[in-house]
Amino acid sequence: MKLLEVKNLKLYYQSTRGTVKAVDGISLDLAKSEALGIVGESGSGKTSLSLALMRVLPSNIDTNEGKVILDGKDITQLSEEEFRKEIRWNTISMVFQGAMNSLNPVLKVGHQIAEPMLLEKTVNKKEAYKKSEDLLEMVGLPKEIFNRYAHELSGGMKQRVMIASALILNPKLVILDEPTSALDVSIQAQIMNLLKRFKKELDISMIFITHDIALSSDLCDKLAVLYAGEIIEKGTAEQMFGKPKHPYTQLLLASIPGLKQDASPKFIPGAPPDLTSPPTGCRFHARCPYRFDPCDKKPPPAFKIEKDHLSRCWLNEGDKK
Amino acid sequence: MEERTRNLFKELLSSGSGKVGIAFIIALIIISLGVIIIYPPDFGLKYWSNPVLWADNPRAAPPAWTNLFSSYNQAETVIFETNIPTERIPGVSTTKVLYTFNLNHKADEPPSFISMTVGNIKYNNRPPVLIVNIERPDGNKIELYRLIVPGPLPNEVTPFARFSETPFRIQLSGNHEVVSAVSNFLKQEFDVSISNQDLLLSGVDIAVFGTPQDDGKFDVLMGVYKIQVDAFLYNEDDSIGSVKFVAGGSVHGFMGTDTLGRDLSIGLLFGFPVALFIGLVASSITTVIGTSLGIISGYIGGKTDTSIQRAADIFTNIPLLPILIFLSFIVGPNLFIIILILIIFSWPGLTILIRSMVLQIRSGQLVESSITLGASRLRIMLRHIFPQTAPFVFAQMIFFTPSAILAEAALSFLGLGDPSLPTWGQILEYGFRNGGIYVGYWWWILPPGILIVITAMTFVLIALGMEPIINPRLKRGH
Amino acid sequence: MKETRNRMIRLEDVKMYFQSRKGLFKTVEIKAIDGVSVEIDKGKTLALVGESGSGKTTLGRLTLRLLKPTAGHVFFEDLNITDLEEVHLKSFRRRAQAIFQDPYSSIDPFMNVHQIVEEPLIIHRIGKKKERNEMVHKALEDVRLTPTQEFSNKYPHMLSGGQRQRVGIARALILKPEYIVTDEPVSMIDASSRAEILHLMKNLQDKYRITVLYITHDIATAKYFADRIAVMYNGRIVEIGPPEKVVKEPIHPYTIKLLAAVPEPDPSNRFKERGVVEGEPPNPADIQWGCRFESRCQLQKEDNCKSKQPTLVQIKPEHYVACFLKDKDKS
């Protein structure tokens, strides 16, 4: 059975310029011990998606629709109180973007990791602190770090602390939003190694949100590419990297300056659309080098290429391979 | 830039506090402009400090509209003033010029005093004579007073001018001639004996405007009183300029009077532009000095920074009050000195704040890129650093204005102010000094305090309305 | 012996030490740059690749004389700019410009695009109003912010990150500088737009024959746009050479690990862990003897590694490495 099923999730905000359709009908699913990569650029709605799943919603929400089914249970039907007690942090937890900066500078790091556990009131301090120390070791930090303060740690160490903090209540699903974007490439590689280990040893499912499609191949079994609030292609890692079908995915892959290839990296002209007034038809058509007649008129549905591989492009109509 | 200003106003008007603040400040500005246009520039010395001019006002009188709230009808001040005689009766050698005033007395009490003022009398031969009569509603007529204009001096030439610069005022109610006349009248008409002494003490007006009762008290006689001033001129070219008769009330004017009889509404109105002037001048100069020094201190650093910061430390630690007392002792109280002192002691606070802002900005890429372009230090400070601090500076200026106004009011209240100028603080101080609280002169004590608070609040409301612009995180979600 | 006339920038054994206060009485010396000698020829691009703490940004600042070196010399063409006072540097500043990392903070939010791009002309008193307007127009065309009339009046907050960066480029180029330092010019821009900006910069560099120092942590982009790559670690250059050599045949152990850490889009990556350099990046405040990389190096070390600093030695034509273990394989 799938651990997570998201069906047609929508999240619209109210802003001075109009309604921002940040998440516009997203469906995805995830099994146990699986990692799903959500790849999108700035303005694609990827952070809004993670906030919607965690129900950390801002005050200017206009619409919040869709179903989120976790372990067979529809969690969108839960009240705020129930969601807080049962789901948030103990079933689904999150490592936020730039989370290193949200560590409390006046509390010891070990105490901060233990805090959600202490709030549960089911364990005493000693147990909570022991678990905190164990997690520090698990993320590759020496136990002494428990007594350190945030400013004494490097960026990489702080990020490991945040990961430990997300694991304290043994969640089934961890959402990571750009967990390595502020880190050096060597430290990033260390953290990715760590996450790979967790996926295997702890049986955790992960949703890995990033703008770096190459990085997602380091961890993710499945990939979904987000553009202007919609998923325009999704599939297994082999399908997505091997035979991407949507022009945006293809261009995204071509824009990586690879070490091994000699070809010059490509770029995508133009800018992502304004989410208050998405374009008619396919949202990517204005920047697409392959656009043809139907592209600006009707939004394409998600065409099935193969099992698990869907692409939202008129070029894929009738594609069966 | 224009778009930013437009945005500023839009943001300001979108908030409740901003709207109220703008409405108030427009009102303040209109009133102040009106006062500046209408009042003469030397108002303070010539009018406010000149007792002669409000001699005809009742002392410590509540505002006239309080009459509406009590069943006891208090007497209002009635002033008759004219240059043109009611009647002119030429004669062979004597011209009789009559001034008639009809006073409809409806109050439950007599006037607090009666007075006559004449001005600008010219004569060529014999000095004119004026006789003041009053005819009561009950038909009785009293000749109150006879004035013989002072005669010519030894070396004087015709025409002889008397009372041209300062009109001549006679407080009829306190004049012994009048007292005798009234005393006689009482004896004759009502067979009531009151000594001149007693009459003077209790007030001649009770008798003039009342009917004696058996218990020794007087009942007010309501009705129309005809006051006649007869002037006898002995030459064709003689003339009388102005004649003024005042029946003092116990209530007066829009805001009442103080113990010197000064019309408080005039004084309080004068306070509007003064308050705005003090507030805006003190805060703008302080802001300019504080910001410039803060930017220079923060950006240039080194010895310049240290010296400016030490200067700021010194000024912050010197106690303001003793210095002020000391200065006012030496120089004498002066509004400009007060403003100067306020500025000198307020700039350090702003400098220290701006300096820390600049230190942060300085480490940013904007300054680095400007240096790379080859920009001079001055250019960087003016063109790149200052605009980043501008919203904060502007808000500080607005916040500081009420502080300056309150500081001046406090200083005046402590007696360190400039007594020749009627600022609100001054009026408040004078009221307190004359025991306003204990005696209950609410019309004197409350209005200046309320006006100070409203003015200060106006600026605070505007600053609150502008907050989202200074701190974009506070932007109101529309 | 290289023709000195061809040389744009030369650093001669440059050191940059900062004093930092630690506690109330102690000061600690931070060796941001600890002996770097390097040259850049006219019209060429040198990429300076390193991670945080490597000193690459500091080195870039030194070449622009935004900092005065603690020791060593900085030459711009034949001019020794090491100790010049700011007033004498103004003509140098006209010829050496920079494109900064953060397009959000390096341009003044209170000025519109026209004013921002025009500013260098005003500072250096070039041309009259009409001429300046034409130069601004041309600069905006060069960076493809067209129609230029439309962009001239916009303020930074109305532009996307990529557009702002182009404004920064236009501003840097309007003086027709001979030398440009660009520090992480695309790291704050969307992945799909990065190549566009880099292509633009490369075209402009070719068109105007500008010498470029390209500072980045991303060795992959360095490979495409540089004529030479210098890898920095903890204040020293550990390897320098042509891109194909450094990327395809790296010699220094740090370079090897650095290249291994770069993510490539390969779905089989998720099944294997990368061989990465372990531990934390070095603290430049720590006193160090011997090779900087020694504490994280996994090769079999020799005695020199702990006691002496390795210097750059030529291993292959044009390819230099600073490592005691590798300088024996000369070919």
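At roughly what angle do the axes of helix α2 and helix α7 of chain B cross? Keep that question in mind as you open this predicted model, and begin the tour with chain B.

**First stop: the two parts of chain B**

Select residues 2-48 together with 264-474 of chain B and give them one colour, since the domain assignment calls these stretches domain 1, and then colour residues 72-248, which the assignment calls domain 2. The centres of domain 1 and domain 2 of chain B, taken over C-alpha atoms, are separated by 53 Å.

**Second stop: a pair of crossing helices**

Now select residues 16-38 of chain B, which form helix α2, and residues 264-300 of chain B, which form helix α7; their axes come within 8 Å and cross at roughly 110 degrees. Angles of 65 to 115 degrees count as roughly perpendicular, and therefore α2(B) is described as roughly perpendicular to α7(B). The crossing of these two helices, α2(B) and α7(B), is left-handed.

To see what lies at the crossing, show the side chains of B:L28, B:I31, B:S32, B:V35 and B:I36 in α2(B), and then those of B:L269, B:F270, B:F272, B:P273 and B:L276 in α7(B), which they meet. Of the residues in this contact between α2(B) and α7(B), nine are nonpolar, one is polar and none is charged.

**Third stop: helix α11 of chain B**

Move next to residues 365-373 of chain B, helix α11, whose buried residues are B:L366, B:V367, B:S369, B:S370, B:T372 and B:L373. These buried residues of α11(B) pack against α10 (335-362) and α12 (377-413) of chain B, and also against α2 (90-95), β6 (96-99) and α3 (113-123) of chain C. Just after α11(B), click on B:G374, which takes a positive phi of about 100 degrees.

**Fourth stop: where chain B touches chain C**

With chain C also displayed, you can look at the contact in which 13 residues of chain B meet 17 residues of chain C. On the chain B side, α11 and α12 each supply at least two residues, and α11(B) gives the most, with seven residues. By class, this side of chain B has five nonpolar, six polar and two charged residues.

**Last stop: where chain A touches chain C**

Finally, turn to chain A, of which 41 residues are in contact with 34 residues of chain C. On the chain A side, select α6 (185-201), α7 (213-216), α8 (237-242) and α9 (247-254), the elements that give two or more residues. Among these helices, α6(A) gives the most, with seven residues. This side of chain A divides into 20 nonpolar, twelve polar and nine charged residues.

Conventions: Residues numbered from 1 in each chain as written. Chains lettered and ligands numbered in written order. Predicted model: local features only at pLDDT ≥ 70, side-chain atom pairs only at ≥ 80, totals over all residues. Contact = placed C-beta atoms within 7 Å. Helix = DSSP H or I, 4+ residues; strand = E, 2+ residues; numbered from the N terminus. Nonpolar A, V, L, I, M, F, W, Y, C, P; charged D, E, K, R; others polar. Domains from an automatic or database assignment. Axes fitted to C-alpha atoms, helices over the stretch in contact; angles between N-to-C directions. Parallel < 35°, antiparallel > 145°, perpendicular 65-115°, else oblique. Left-handed = near helix turned anticlockwise from the far one by under 90°. Buried ≥ 20, exposed ≤ 12 C-beta atoms within 10 Å, placed from the backbone.
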